[in-house]
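Colleague: Could you please take me through this model and give the reason behind each term that you apply?

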Amino acid sequence: MQALHDEGRTRFIGVSNVTPDQLAALLRRPGVRPTFVQNRCYASLGWDAAVRAICDREGLAYQGFSLLTANQKTMRGRVVRDIARRHQRTPAQVVFRFAHQLGMIPLTGTTDSRHMAEDLAVYGFELTAAEMQAIQGVG
């Protein structure tokens with residue numbers, strides 16, 4: 001990746017599925033720093049808070065993937081369902097909005113045009129601080 005960047009064949013590089021220790025070690029090395037960190041993000045593991053903290057501190061974009069498939073239990077849980085009902089949204093929209101408000105770039109792999117439209121609708125509402133805290137506490 002470094003060589004491709006040096007040759008001007010790519011402007012940005014990224015890493016995926018890294019632990020906090022791996023990311024910290026990578027950032028200590030000379031060379032081009034990653035622009036993106038893309039990790040599978042689990043509610044049960046604190047929404048990858050340690051890696052996200054490094055990204056925030058170092059100015060890296062954190063991309064959360066499998067936010068829906070990795071968190072089925074959370075999406076079916078009472079906290080997310082109640083929040084979705086209050087906002088008249090789907091649980092998936094609540095999880096994507098939560099991720100966005102945390103500073104993540106939520107990634108989706110859908111090819112369903114209805115789901116794509118729902119995914120984009122997360123910019124039409126905002127979660128309260130109490131709702132954010134409640135979602136952060138599930139897992």
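Colleague: In which part of the chain is serine 66 found?

Modeller: Serine 66 is found in the loop between strand 3 (61–65) and helix 4 (72–76). Helices (H or I, at least four residues) and strands (E, at least two) are DSSP runs, numbered from the N terminus. Please note that this is a predicted model, in which local features need pLDDT of at least 70, side-chain atom pairs count only at pLDDT 80 or more, and totals for chains, interfaces and linings use all residues. Residues are numbered from 1 along each chain as its sequence is written, and side-chain values use heavy atoms, with hydrogens and water left out.

Colleague: What makes serine 66 count as buried?

Modeller: Its relative accessible area is 18%. Buried means under 20% relative accessible area, exposed over 50%, and partly exposed in between, with a 1.4 Å probe and protein chains only. Serine 66 is therefore buried.

Colleague: Is asparagine 17 buried or exposed?

Modeller: Asparagine 17 has 51% relative accessibility and therefore counts as exposed. Asparagine 17 is found in the loop between strand 1 (14–16) and helix 2 (20–28).

Colleague: What is to be said of phi in asparagine 17 and in serine 66?

Modeller: Most residues other than glycine have a negative phi. Asparagine 17 has a positive phi, near 60°, and serine 66 has a positive phi of about 60°. Neither asparagine 17 nor serine 66 is a glycine.

Colleague: How many helices and strands does the protein have?

Modeller: The protein has eight helices and four strands. Along the sequence their pattern is α-β-α-β-α-β-α-α-α-β-α-α. Of the 139 residues, 34% count as buried.

Colleague: What is the predictor's confidence in the protein?

Modeller: The mean pLDDT, where pLDDT is the predictor's confidence in each residue from 0 to 100, is 94 for the protein. A value of 70 or more is reached by 100% of the residues. Among the elements, helix 5 has the highest mean pLDDT (98) and helix 1 (residues 2–6) the lowest (85).

Colleague: How do you know what the orientation of helix 5 to helix 6 should be called?

Modeller: Two packed helices are described by the angle between their axes and the distance between the axes. Helix 5 (residues 78–87) and helix 6 (residues 91–102) pack at about 95°, with their axes 8 Å apart. Axes are lines fitted to C-alpha atoms, for helices over the stretch in contact, and angles run from 0 to 180 degrees between N-to-C directions. Angles under 35 degrees count as roughly parallel, over 145 as roughly antiparallel, 65 to 115 as roughly perpendicular and the rest as oblique. Helix 5 is therefore roughly perpendicular to helix 6. Val80, Ile83 and Ala84 of helix 5 make the contact (heavy atoms within 4.5 Å) with Pro91, Val94 and Val95 of helix 6.

Colleague: What is known of valine 80 beyond that pair of helices?

Modeller: Leaving aside its neighbours within four places in sequence, valine 80 is in contact with Thr74, Met75, Pro91, Val94, Val95 and Ile135. At a relative accessible area of 0%, valine 80 is buried.

Colleague: What makes the term for helix 6 and helix 8 apply?

Modeller: The axes of helix 6 and helix 8 (residues 129–136) cross at roughly 105° and come within 11 Å. Helix 6 is therefore roughly perpendicular to helix 8. Val94, Phe98, Gln101 and Leu102 of helix 6 meet Met132, Ile135 and Gln136 of helix 8. Methionine 132 lies in helix 8 and is buried, with a relative accessible area of 9%. Apart from residues up to four places away in sequence, methionine 132 touches Phe98, Gln101, Leu102 and Leu127.

Colleague: Why do cysteine 41 and cysteine 55 form no bond?

Modeller: A disulfide is a pair of cysteine sulfur atoms within 2.5 Å. The sulfur of cysteine 41 is 11 Å from the closest cysteine sulfur, in cysteine 55, which is too far for a bond. The count therefore comes to zero disulfides. Cysteine 41, at 0% relative accessibility, counts as buried, and cysteine 55, with a relative accessible area of 1%, is buried.
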